[in-house]
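Please look over the sequence and the 3D structure shown here. A short report comes after them.

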Amino acid sequence: MSVARLLRGLHADGRPVPLDEHLHLHGPLPGRLARASLLDAVEESGLCGRGGAAFPTALKLRAVAGRRGRKVVLANGVEGEPASGKDKVLLRHVPHLVLDGVEVAAAAVGADEAVVAVSRAASGELAVLQQALGERGRSSRVEIEVVAVPDRFVAGEETALVNAVSGGPPRPTATPPRPFERGIGGRPTLVQNVETLAQLALIARRGPAWFREVGTRREPGSALVTLSGAVGLPGVYEVPLGTSLRELVEEAGGATQPPRAVLVGGYFGSWLDAGTAFDSAVGEASLGAAGAMLGAGAIVVLPEGSCALAEVARVSRFLADESAGQCGPCVHGLDAIAGATASLLQVEGFDADLRIRRWLEQVHGRGGCRHPDGAARFIGSALDVFADEVALHMRGGRCSGRDLWLLPVQQRRERRAA
Ligand SMILES: Cc1cc2nc3c(=O)[nH]c(=O)nc-3n(C[C@H](O)[C@H](O)[C@H](O)COP(=O)(O)O)c2cc1C
Ligand code: SF4
């Protein structure tokens, strides 16, 4: 069921695939990357962004290509989502595929410079990329710089990333202008997730028909998912879009304990009860029908016997602390919501759930970026899916579950400094 397109030829010992081996595996990029035919190929492929919003890549490329002035490509490899590891896998194991994607994107929009952004916490990826750039030497058609930005959840938001790589704080700015209009150095900037870029590197070599050989008609191609929680073999998997979650979990060694619920789409995603989740497929069409979204592909299986509210309260606090501190509803609203979510665990909470729901409505759509919306989706879906547990806690009882720490949060060293 899983496929090896992006993840082809990975070394089991974790060594990055060197340039000569990369060329042997995938062949060289076409000598001439003509802009018009590249744009057409990407459009025909139906590729959508893999950074979370699933925006059609061809539309974004055309928007930047159509701007006047010098353009720049910004590869988004910061992956601030703690439940996701796919971008780190690409950067660490197949850096040349990402760098090829940067070259292809630059050719498609007419850019001569590019920046690959990684998190400062990811020193391994930084070193691998520097080494890969060294291997490519002067053969690169674009000037590529690697920049490490503060390790913050919001740093991967495109306007925050433009700020951060320009030496400013990793905080979103008001839009418009969007980076495609005015980004790094005021220049039209293509911000693209590193998985999206790696997919571009394959489409440029093999064409859109090959890309569409897997996946569904509406959602073609493969995607990386980071599967964790109560599964036998947690990790990053490459699957055709449209693969059922049940099959995916089976391939990952099956559930290690009876599953209770599944978090789909990471900390901006939604909880689904296990039955609904396992009957869904990887992709926005199927998950959207179930009220969820794939986002950046982080999927966590929560087993029976775990305390869901403890997991949810911890992540709610993390998301509140990760606010970039600029918009009132985000700063104060998420903090109050995180406090009320934690109180569900400790005291007889009377109508704490109703209060949380009211506040969630009040923060939704009220931030300068989509951070509060994602947090509201995560917490609101938890109140729905774990309604029994919420009711039990509010009646003063305690669930018999344990906090298994299946949803990690980082203690950010740089949190206060950034
Ligand atoms: C709070 C927040 C955090 C984000 N973090 C990331 C991230 O870590 N990596 C990423 O690629 N996109 C992230 N995004 C999405 C980016 O803004 C942007 O849409 C994406 O990089 C575009 O690439 P794509 O079209 O290839 O998906 C984030 C968005 C928000 C609102
Ligand atoms: S909504 Fe939150 S994270 Fe987004 S810009 Fe405002 S304060 Fe920053």
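The report covers a buried arginine, some backbone features and a ligand site.

This is a predicted model, where local features need pLDDT of at least 70, side-chain atom pairs count only at pLDDT 80 or more, and totals for chains, interfaces and linings use all residues. Residues are numbered from 1 along each chain as its sequence is written.

**Arg136.** Arg136 belongs to helix H6 (residues 123–136); helices are DSSP runs of H or I with at least four residues, and strands are runs of E with at least two. Arg136 is buried, at 6% relative accessible area. Buried means under 20%, exposed over 50%, and partly exposed in between, with a 1.4 Å probe and protein chains only. Beyond residues up to four places away in sequence, Arg136 touches Leu19, His96, Leu99, Asp100 and Glu103. Touching means heavy atoms within 4.5 Å.

**Backbone.** Two residues other than glycine have a positive phi.

| Residue | Phi | Relative accessible area | Loop between |
|---|---|---|---|
| Ala54 | about 55° | 25%, partly exposed | H2 (35–45) and H3 (57–65) |
| Glu79 | near 40° | 10%, buried | E1 (71–77) and H4 (86–93) |

The peptide bond from Thr175 to Pro176 is cis, with omega near -10°. Another cis bond joins Pro176 and Pro177, with omega about 5°. Pro176 sits in the loop between helix H7 (158–165) and strand E4 (189–193). Pro177 is in the loop between H7 and E4 too.

**Ligand 2.** Which residues come nearest to ligand 2? Of the 13 around ligand 2, they are Ala324, Gln326, Cys327, Cys330 and Cys369; a residue counts if one of its heavy atoms lies within 4 Å.

Technical notes: Chains are lettered from A and ligands numbered from 1 in the order in which they are written. Side-chain values use heavy atoms; hydrogens and water are left out.
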